[in-house]
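User: I am new to reading structures, and I keep wondering where the terms come from. Could you walk me through them?

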Amino acid sequence: MRRLSCGLVAFVAVILCTGVFPSAGVARADDRIVERLQPLAGYVVESGPQGIVIDRGSSHGVNPGDVFSVLRPGAPLVHPATGQVIGRRDEKLALIKVVRAEAGYAVTVPLGRYRQVPLMRGQMVKRAAEQRLLFIDLDGHQRQAYSWYRDQTPHLQWDAYEAGRQPAVLGAVRQLARLGYDLYLLADGRQVQLFNADGELIGVRFARVPDPAAAESAASSTAGDAGGRYNLSTSERSRALTATYRQAATINGIAYSIDIGDVTGDGQSEVVFTDKERVYVYTLTPQGLKYRYRYQLSRWGTLMNVQIADIDGDRRGEILVNAMNEDEDGFSSFILGYKEGKYREIVTLVPYVLGVLGGFSVADGGFFVGQTFAEEVVYGNLVYRLQLQGDGVKTAEPFAVPLEFRLPGALFEDINHDGRRELCFMNAQNFLLVYQGGDRLWMSDERLGGSLNDTQVEVGTNKVSYTNKLDVPPPLRVVDVNGDRRLEVMVVRNTSAISTGLGEFGFLSKGGVVLLEYAGMGFALRPMTGELEGPVQGINVVENELLVAMVKRSDDLLKTTGDTYLLGFPLRQ
Amino acid sequence: MKRLAVVLAIFMTVALAAPAFAADVKVRGDFNNRFMVYTNHADWLEADQKSTLGDDEVDESWGEAKYRMWVEASSNDGKVKGYYAFEIGSLEYGDESKGAGGYSGDGMVHELRWAYTDFQLPWYENKARIKMGLQPFKVNSFLWAETAMGVVFDGAAGSVDYTLGWVRPWNDKDTVDDATEPEDLDSFYGRVNFKPMDGVEAGIFALYMTGDDDVPGGALSTTGSGYEVKSFKNNFDMDILTVGTDGKFANGNFFGAWDLMYQDGSIDATDAGDYDLSAYFAHVDLGYKMDKMKLTYTFWYASGDDDDDDDLDAFLSIDVDRMDNVVIFEGGFTDDDYFTERPYILDKGFIMNKLALDYKASKKMTLGASLMYMMTAEDVEYVDDLGRDRSDDSIGTEIDAYMKYKIYDDLEFALNAGYLFADDAIDYFEADRDGNSDEDIFISTARVRYKF
């Protein structure tokens with residue numbers, strides 16, 4: 001009986017002392033950030049240009065974004081009195097971050113300052129080991145959170161709380177990589193964010209909405225302690241990110257393809273669009289559009305789309321105009337430029353569809369490329385890098401693209417924040433694809449794109465053929481919408497009145513912009529602008545504003561007539 | 001009709017109400033309403049080269065409809081596609097022979113045109129597509145460009161595209177006796193397309209047809225519609241190899257195209273014995289684009305046979321539809337009524353000289369005209385009604401004109417006309433053969449076509 005009583009007392013004491021029941025206001029032990037910082041050891045299996053593979057994967061609790069230290073065993077620690085080896089201090093060689101986690105392994109890449117460090121098979125890796133962490137209290141009320149996270153992760157090298165409150169540190173929160181730490185925890189009343197050494201966001205934990213009655217008494221405690229593990233939101237996924245807008249300008253007629261950029265180099269944006277017969281250039285002013293130039297296609301052919309991009313490295317845009325021959329036997333694109341105070345044709349009859357991928361200018365990492373023509377499908381298998389040479393273009397080396405690639409509207413940017421650029425484009429069935437090299441990372445499960453602009457080719461023999469209408473999709477754009485220093489992709493989505501799982505039937509009558517973002521669970525789409533009352537033919541970002549070219553069609557659906565409205569949506573940057 | 005209605009109803013139900021499958025379905029149509037506006041010699045349009053021109057004019061006008069629909073189903077990444085196409089017509093107004101052109105229009109003539117699957121091989125990063133079934137099969141527009149059944153592989157390796165195919169245009173189901181093996185007619189096809197330099201696209205191809213006859217005997221007819229492989233069916237032993245090159249080029253405003261072919265082989269077991277085939281074909285287009293105009297000169301030479309020995313020198317098409325002018329070829333919009341679909345006359349070959357001007361008058365309207373002088377490569381030889389030997393190689397001069405206008409984006413009205421100043425070789429096709437061509441031929445057609 002005595003033994004039973006002692007056992008019961010001991011049991012209760014253990015329960016009271018171990019803190020299984022967390023005290024009110026303190027973050028719970030199953031905090032997702034804490035999970036990402038738990039120790040985990042493994043080895044390098046393979047090291048090469050495609051990445052470093054380690055033998056720990058999702059089945060071991062590894063997630064994309066996790067940071068591992070690559071370690072070398074240090075000298076043994078010998079006790080001075082006993083002479084016994086009490087351990088070893090590992091030496092850190094590099095930091096690597098997980099870009100893809102499979103069940104039994106993960107693919108990693110080195111963080112910025114460790115890219116030149118040679119790494120080899122067999123080296124030891126440990127998550128959250130030998131890593132210095134800086135906690136930055138953004139509102140001055142997160143000392144308790146600091147204490148709690150430090151207690152949960154004693155294996156990390158924590159700097160003092162005060163280090164994260166220095167003015168120099170608070171002023172550098174947008175440039176964390178310069179501070180030289182391995183990990184950063186930023187906390188305010190709403191959320192706690194974990195960043196790696198390159199300043200990339202790894203994880204977020206949101207605070208619970210505070211009870212107003214308790215808010216005053218808990219003023220000195222961190223609101224970020226509440227919220228627990230429910231830090232994701234479905235309503236956020238279905239709500240438009242920016243739903244209010246203004247009407248910036250009106251174009252009489254349908255702009256089948258439109259782009260905005262500085263062509264003249266005067267700092268003002270030009271609006272360039274085509275009605276499939278002519279190319280128009282206007283200057284965008286606060287009062288609306290001011291006419292500048294019109295180019296009439298005087299030869300055999302049909303205009304497809306326009307793009308403003310700098311192809312000669314002077315950081316002033318040229319106007320790439322893609323055109324197809326009337327008898328569907330190839331492209332005859334051309335380039336307009338603003339030279340010596342005048343707009344003129346600087347290159348003609350290029351047998352490719354032209355575009356610039358990876359940026360506005362070839363001087364800033366952009367690639368001037370051209371895609372070949374193929375009968376019946378329009379876009380051929382081959383894309384080449386091009387160089388402007390005098391009044392022509394010279395074909396250089398091939399630019400590798402996947403099989404179903406279509407250049408109009410395509411994008412080449414790092415959108416999954418792994419340091420490598422991905423190729424995003426709309427396929428012929430209007431599904432958005434994301435490729436990295438030859439690997440398809442993602443395909444949308446819903447149709448996106450859609451356009452009033454199309455090319456038409458005959459498919460079949462002379463006598464039995466149908467007309468294949470292939471959309472010329474509006475361009476994809478990248479922007480950092482939420483200020484996390486990561487790019488998201490803006491995608492046009494146009495729909496018709498009869499929209500089914502098998503396709504769009506009838507005429508496009510609605511449109512909008514959706515956002516493709518990469519977060520912990522991979523790629524996901526969310527509404528950006530909400531639904532507009534007409535199809536969208538182009539999108540651009542100009543001075544923190546998203547400009548959307550929406551077409552309002554006339555009632556006669558057998559003729560494509562109407563007006564185009566430039567609508568401005570504010571962006572949070 | 002009932003069955004079709006049920007199929008369409010099921011399709012529409014699925015299309016409108018089903019949840020999202022991993023499939024993209026497109027429906028396309030070609031609703032073609034055609035009119036023979038006027039011809040002075042409807043007797044000229046009796047099937048392929050079987051015409052008999054009477055001394056009196058045979059004035060005719062008519063209307064007809066030919067409607068086609070395609071259903072294309074594809075996976076959302078385009079890796080697998082299926083095609084089904086059917087056709088109704090042509091149904092002439094008032095023609096009850098096909099069951100629908102007369103009173104009440106209760107009859108229906110349904111033809112299957114395409115039924116094939118097209119898919120990308122999964123282990124290839126480059127293009128590697130296989131098509132199998134009833135599909136559009138294009139070897140060369142002067143040799144073989146029609147639907148056929150077979151398996152075709154299209155691949156790409158860098159800047160080179162290649163094609164391999166097996167097509168069986170004739171399947172032997174009947175045997176003379178149990179000991180005889182099936183005598184199918186098989187075609188094996190290979191092609192490589194490449195770009196030797198900027199602005200030039202070239203192709204090299206070979207087509208080998210082989211088959212044994214199943215029907216003992218049979219005449220190798222070189223008259224009427226006889227001289228075309230399609231017409232031979234399984235009547236003869238055939239081993240025919242055609243090799244060739246084709247391509248196109250463009251340099252600034254200049255453009256052009258070429259086709260060169262050589263045929264070799266044998267056609268055996270005819271009533272007249274065995275023939276050795278040795279024939280060739282050459283074609284070139286040269287053109288210039290100037291603003292909204294395009295000027296094109298076309299020349300082609302199809303070799304002909306000049307004697308009755310067992311060497312057959314006449315170029316032989318397999319199944320084509322040439323639409324190079326209104327009177328001789330299938331250029332009229334009522335394209336089920338024509339003189340010939342082949343690029344030659346009888347077994348006498350052909351020489352075409354054509355100058356064409358096309359003009360894009362506006363976004364909606366295109367105009368054009370052409371002038372042709374045509375001959376046969378070898379004399380057309382025959383005996384006239386008075387027993388005299390006749391031979392001539394001059395077909396004549398034809399003038400064509402056309403206009404196309406888009407009423408709406410997908411609805412086109414078109415009108416064309418052709419006048420052949422017939423020369424003495426046409427006397428062969430007249431009812432009264434006197435060595436001189438007596439009849440000029442005029443044809444004018446129109447259409448209202450909705451393609452979606």
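Analyst: Happy to! Two strands pair if DSSP finds at least two bridges between them. Helices (H or I, at least four residues) and strands (E, at least two) are DSSP runs, numbered from the N terminus. This is a predicted model, where local features need pLDDT of at least 70, side-chain atom pairs count only at pLDDT 80 or more, and totals for chains, interfaces and linings use all residues. Residues are numbered from 1 along each chain as its sequence is written, while chains are lettered from A and ligands numbered from 1 in the order in which they are written.

User: What makes strand S38 of chain A and S39(A) a pair?

Analyst: Strand S38 (residues 545-553) and S39(A) share nine bridges in the antiparallel sense, and the definition asks for at least two, so they pair. Within this pairing, A:Lys552 stands opposite A:Asp563 in S39(A).

User: Why are strand S14 and strand S39 of chain A also called paired?

Analyst: Strand S14 (residues 246-252) and strand S39 (residues 562-570) have six antiparallel bridges, so they too satisfy the rule of at least two. Here A:Gln247 faces A:Leu567 in S39(A).

User: How many helices and strands does chain A have?

Analyst: Chain A has six helices and 39 strands.

User: What makes a residue of chain A count as buried, and what percentage does?

Analyst: A residue is buried if 20 or more other C-beta atoms, placed from the backbone, lie within 10 Å of its own (exposed if 12 or fewer, partly exposed in between). Of the 573 residues of chain A, 42% count as buried.
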